[in-house]
Amino acid sequence: MALSFTTPNQHSRIYSVGAYRPERIVSNSEIVDQIDSSDEWIRERSGIQSRRFAGKDESVIFMAKQASLQALERAGISAQELDAVILATISYPYQTPSGATELLQELGAPKPAAFDISAACAGFCYGVGMAADLIRSGTARYVLVVGVERLSDYTDENDRGTAFIFADGAGAVVIGPSVEAGIGPMVWGSDADNRDAILLEPSWLEIKEGSEKKWPDISMVGQKVFRWAVFEMAPIAVEAMEKAGVTADTLGAFIPHQANIRIIEAMAKAMKLPESVAIAEDVRLAGNTSAASIPLAMDALLQQRPDLHGKSALMIGFGAGLVYAGQVALLPPLPTSSR
Ligand code: COA
């Protein structure tokens, strides 16, 4: 005999977004000497003009908490009402317990389900997809999805291929039930045969066994990642639009992972996005903040273009693994406080 239950929510949507940017702004000129580079080269190859590096007191959980509090306040939902917290990060410095449980303690709401996702720069979109499905299935009503990174801790300041790219910050969204379709199906997958294109190494075991390097840093085969992102990710983004039943001319915004402005521009071109679509370019001032980059870019775009509240946005995250995930979602409505 079949089980007897009903699923209460046909749809879900993003209620709000919150962001936290570390106080210290680091310009290109501050890092060029270490890597024998120039402001001009960095701007031209990546679009990055400056980024933020977290200070001593701006821990992963501190930043996640600030972004979460802002998202909760804008959604008009208390931390006690959450059913689950999903934290996407690769830079929480403890293997266990999860960063999500520390965040819950900090939010004064220690009861919801809580777990971390290790999907690097795709982590936020993975989290949004899971939250949407948890809500539609009736497992959860309100889910907090946070993307946070302190990549300055895991970047070798002398590495020419990464030192100017990676940075710190946090973004969060509150996701809940909706009468209208607010989050489209997620298109996700991986290319695990190329998992060595981006690595955080050595492992703790290798360090324990006396490896030469005493601390894990990110290494990246830049050109390989660049080509993969440019050629493989545009079709995934198009598929996400098809699955959500939207076309490029009805799209409000394109908010891809903020890896590199040339990747963003090449993807937009490959998808033939019309000029009416607003394209997030937060990478210019934020660098690549991995799991935090899409919610940070969403928040920045909504600050610049309040008319985009409630419009559809195509999101796609891709990175170490190599893994990816994308979906179309309605951007959150104007927060109650600013209506
Ligand atoms: N500053 C100045 N010159 C640099 C440099 C730096 N930081 N790094 C490399 N160069 C030089 C190289 O020595 C080389 O010089 P040469 O032509 O005289 O030999 C030249 O620039 C090209 O090097 P290359 O490594 O081929 O650079 P690139 O064009 O591939 O650009 C990246 C490097 C990292 C900007 C680019 O590969 C990239 O954006 N990759 C994707 C990275 C990314 O977005 N990762 C995140 C995904 S989640």
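**Figure 1. The two domains of the predicted model.** The chain is divided into domain 1, which spans residues 11-178, and domain 2, which spans residues 187-338. The centres of domain 1 and domain 2, taken over C-alpha atoms, are separated by 13 Å. To the contact between them, domain 1 contributes 51 residues and domain 2 contributes 51 residues. The coordinates shown here and in the views that follow belong to a predicted model.

**Figure 2. The surroundings of the ligand.** The ligand is surrounded by 23 residues, of which Ser 37, Arg 45, Arg 160, Gln 223 and Asn 260 come nearest. At least three residues of this shell are drawn from domain 1 (11-178), and at least three from domain 2 (187-338). At least two shell residues are supplied by each of helix 2 (39-46), helix 7 (222-244), helix 8 (261-270) and strand 13 (312-319), and helix 7, with 4 residues, gives the most. Sorted by residue class, the shell holds 11 nonpolar, 8 polar and 4 charged residues.

**Figure 3. Polar side-chain atoms beside the ligand.** In this view of the ligand, a polar side-chain atom of Gln 223 lies 2.4 Å from an oxygen atom of the ligand, and a polar side-chain atom of Arg 45 lies 2.5 Å from an oxygen atom of the ligand. Ser 37 places a polar side-chain atom 2.5 Å from a nitrogen atom of the ligand. The ligand taken alone exposes 950 Å², and the protein buries 70% of that area.

**Figure 4. The environment of Arg 13 in strand 1.** Arg 13 is found in strand 1, which covers residues 11-20, and counts as buried because its relative accessibility is 13%, below the 20% limit used for that class. Once neighbours within four places in sequence are left aside, the contacts of Arg 13 include Val 174, Ile 175, Gly 176 and Ser 178, and also Glu 180, Gly 182 and Ile 183. Further along the chain, Arg 13 is in contact with Gly 310, Leu 330, Leu 331, Pro 332 and Pro 333.

**Figure 5. The environment of Gln 327 in strand 14.** Gln 327 is found in strand 14 (residues 323-330) and, with a relative accessibility of 0%, is classed as buried. The side chain of Gln 327 reaches the backbone oxygen of Cys 125 at 3.1 Å. Not counting residues up to four places away in sequence, Gln 327 touches Cys 125, Val 128 and Gly 129, together with Ile 183, Gly 184, Pro 185 and Met 186. Ala 240, Ala 313, Leu 314 and Met 315 are likewise among the residues that Gln 327 touches.

**Figure 6. Asn 288 in the loop between helix 9 and helix 10.** Asn 288 has its place in the loop between helix 9 (283-286) and helix 10 (293-304), and this loop residue counts as buried because its relative accessibility is 5%, under the 20% bound. The side chain of Asn 288 reaches the backbone nitrogen of Ser 290 at 2.8 Å. Apart from residues up to four places away in sequence, Asn 288 touches Cys 121, Leu 151, Ile 165, Phe 166 and Ala 167, as well as His 257, Gln 258, Ala 259 and Val 283. Asn 288 and Ala 237 lie 51 residues apart along the chain, and their C-alpha atoms are separated by 19 Å.

**Figure 7. Two cis peptide bonds.** Most residues other than glycine have a negative phi, and most peptide bonds are trans. Thr 96 and Pro 97 are nevertheless joined by a cis peptide bond with omega of about -5°, and Pro 97 lies in the loop between strand 4 (84-88) and helix 4 (99-107). A cis peptide bond also joins Gly 321 and Leu 322, where omega is about -15°, and Leu 322 is found in the loop between strand 13 and strand 14.

**Figure 8. Positive phi values at Ala 120 and Lys 272.** Ala 120, although not a glycine, has a positive phi of about 45°; Ala 120 lies in the loop between strand 5 (113-117) and helix 5 (123-137), and is buried at 7% relative accessibility. Lys 272, also a residue other than glycine, has a positive phi near 55° and lies in the loop between helix 8 and strand 12 (278-279). With a relative accessible area of 69%, Lys 272 is exposed, whereas Ala 120 counts as buried.

Conventions
Residues are numbered from 1 along each chain as its sequence is written. This is a predicted model: local features need pLDDT of at least 70, side-chain atom pairs count only at pLDDT 80 or more; totals for chains, interfaces and linings use all residues. Side-chain values use heavy atoms; hydrogens and water are left out. A residue is near a molecule or strand if one of its heavy atoms lies within 4 Å of it. A polar contact is a pair of N or O atoms within 3.5 Å; within protein, one must be able to donate a hydrogen and the other to accept it, and residues adjacent in sequence count only if both atoms are side-chain atoms. Accessible areas come from the Shrake-Rupley method with a 1.4 Å probe; for residues, only the protein chains shown count as cover. Ala, Val, Leu, Ile, Met, Phe, Trp, Tyr, Cys and Pro count as nonpolar, Asp, Glu, Lys and Arg as charged, and the others, Gly among them, as polar. Domain bounds come from an automatic or database domain assignment. Buried means under 20% relative accessible area, exposed over 50%, partly exposed in between (1.4 Å probe, protein chains only). Contact means heavy atoms within 4.5 Å.
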